[in-house]
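Thank you all for coming, and let me ask you to look at the picture with me for a few minutes. I will go slowly and explain each term when it comes up.

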Protein chains: 2
Amino acid sequence: MIMKVSQSNKLNRAKRFCETNKYRFTEPRERVLSLLLSRHEPLGAYQILKLLSSKQAKIKPPTVYRAIDFWKKNGFIHRIESMNAYIACCEHKHHQNFCIFICNQCNKVSELTLETLSQSITNIIKDKSIVITRSTTELFGSCFECNR
Amino acid sequence: MIMKVSQSNKLNRAKRFCETNKYRFTEPRERVLSLLLSRHEPLGAYQILKLLSSKQAKIKPPTVYRAIDFWKKNGFIHRIESMNAYIACCEHKHHQNFCIFICNQCNKVSELTLETLSQSITNIIKDKSIVITRSTTELFGSCFECNR
DNA sequence: CAATATACTGTTATATTATAACACTTTGAA
DNA sequence: TTCAAAGTGTTATAATATAACAGTATATTG
């Protein structure tokens with residue numbers, strides 16, 4: 001399987017992450033993350049299920065959901081709530097304040113890596129008695145191509 | 001049934017909205033919206049189903065989902081994506097750029113009516129070739145009470 | 001090295017959330 | 001009064017997600 005460098009880098013980073021933190025980089029985990037890294041679009045859990053299953057070896061939902069939960073918890077994938085779908089996180093460090101853009105017309109989804117977003121949200125929350133630990137923002141509209 | 005004024009006001013506004021736009025203010029629509037207005041917490045579709053059903057008259061899922069879809073489309077309720085739940089929109093005019101805060105500890109949910117949010121998002125999106133028509137932001141953290 | 005605790009997987013079953021499809025009813029306008 | 005459109009009722013089923021429990025792999029400790 002041919003991979004872009006950045007993609008295999010990300011997989012390696014995930015592997016190192018597991019080693020460092022004494023988690024296991026198991027086959028289901030590897031396969032789920034690889035798949036999400038190789039696609040640049042959100043996949044539903046049952047799409048992943050189908051893509052990872054062969055006629056001989058059918059995977060079951062919990063196998064996929066466990067891997068998804070693991071990577072999600074550890075900042076390697078995002079759940080797109082409005083789509084019940086998952087994408088590989090494009091930059092690990094932005095995982096806490098995550099923003100995606102969904103084009104209403106072509107349905108393309110892109111993650112926006114916005115340094116300013118979490119800053120903005122902090123500014124918006126003037127009431128310092130609330131502490132924000134995580135945010136997910138889903139923007140809908142039309143993209144450059146659909147817009148011309 | 002005793003209601004706060006603002007609550008019945010909101011129901012009236014919804015009624016007027018229907019009259020103005022030639023939509024019907026039918027019984028399922030009224031009951032679903034009333035219920036959501038009377039609670040200050042998110043309700044799942046099947047919770048609504050249960051609350052609106054009596055032993056004699058059991059409501060079916062499509063009845064609830066149709067009412068939910070109607071009010072959602074028309075800006076009277078929000079879907080909280082991360083919870084598969086629905087709440088009455090606290091201010092009609094903010095419906096396009098909607099932000100809620102969910103306390104991780106007590107699970108209380110509050111809608112934030114932030115004049116500045118949509119502005120901020122516009123500022124963040126420097127690339128003017130993208131047009132945002134709607135946004136939903138879900139913030140997670142700990143609230144004032146849980147924070148002390 | 002064996003015992004054992006822990007993390008993880010495999011499997012079956014089922015819960016939860018949402019929609020398709022079609023017959024019937026209400027409403028307003030021609 | 002009939003016709004079209006909007007809306008509801010009902011049955012069935014799709015799509016998404018999790019509980020529960022037995023079994024396996026791995027690292028650790030005695």
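Let me begin with DNA strand D, which is surrounded by 19 residues, and the closest of these are A:Tyr46, A:Tyr65, A:Arg79, B:Thr26 and B:Arg66; a residue is near a strand here if one of its heavy atoms lies within 4 Å of it. Before going further I should say that this is a predicted model, in which local features need pLDDT of at least 70 and side-chain atom pairs count only at pLDDT 80 or more, while totals for chains, interfaces and linings use all residues. Residues are numbered from 1 along each chain as its sequence is written, chains are lettered from A and ligands numbered from 1 in the order in which they are written, and side-chain values use heavy atoms, with hydrogens and water left out.

Which parts of strand D face the protein? Of its atoms within 4 Å of the protein, 51% belong to sugar or phosphate, and the rest belong to bases. Both kinds appear among the polar contacts, meaning pairs of N or O atoms within 3.5 Å: a polar side-chain atom of A:Tyr46 lies 2.6 Å from a base nitrogen of DNA strand D, whereas one of B:Thr26 lies 2.3 Å from a phosphate oxygen of that strand. The elements that give two or more residues to this surface are α4 (61-73) of chain A, together with α2 (27-38) and α4 (61-73) of chain B, where helices are DSSP runs of H or I with at least four residues and strands are runs of E with at least two, numbered from the N terminus. The largest share, 4 residues, comes from α4(A).

Now please turn to DNA strand C, which 18 residues surround, the closest being A:Thr26, A:Arg66, B:Tyr46, B:Tyr65 and B:Arg79. Sugar and phosphate make up 52% of the strand C atoms that come within 4 Å of the protein. A polar side-chain atom of A:Arg66 is 2.4 Å from a base oxygen of DNA strand C, and A:Arg66 also has a polar side-chain atom 3.2 Å from a base nitrogen of DNA strand D. On the side of chain B, a polar side-chain atom of B:Arg79 lies 2.4 Å from a phosphate oxygen of strand C, and α4(B) gives the most to the surface near this strand, with 4 residues.

How are the two chains related? A rotation of 180 degrees, with 0.0 Å of shift along its axis, superposes chain B on chain A with an RMSD of 0.0 Å, and the two copies are thus related as by a two-fold rotation axis. The superposition is by least squares on the C-alpha atoms of residues with pLDDT of at least 70 in both copies. Within chain B, B:Thr137 comes closest to the axis, at 2.1 Å for its C-alpha.

For one residue that touches the other chain, take A:Ile130, in the loop between α5 (115-124) and β5 (131-142) of chain A. Leaving aside residues up to four places away in sequence, A:Ile130 touches A:Ile125, B:Phe101, B:Ser142 and B:Asn147, contact meaning heavy atoms within 4.5 Å.

Conventions: Polar contact = N/O pair within 3.5 Å; in protein donor to acceptor, adjacent residues only side chain to side chain.
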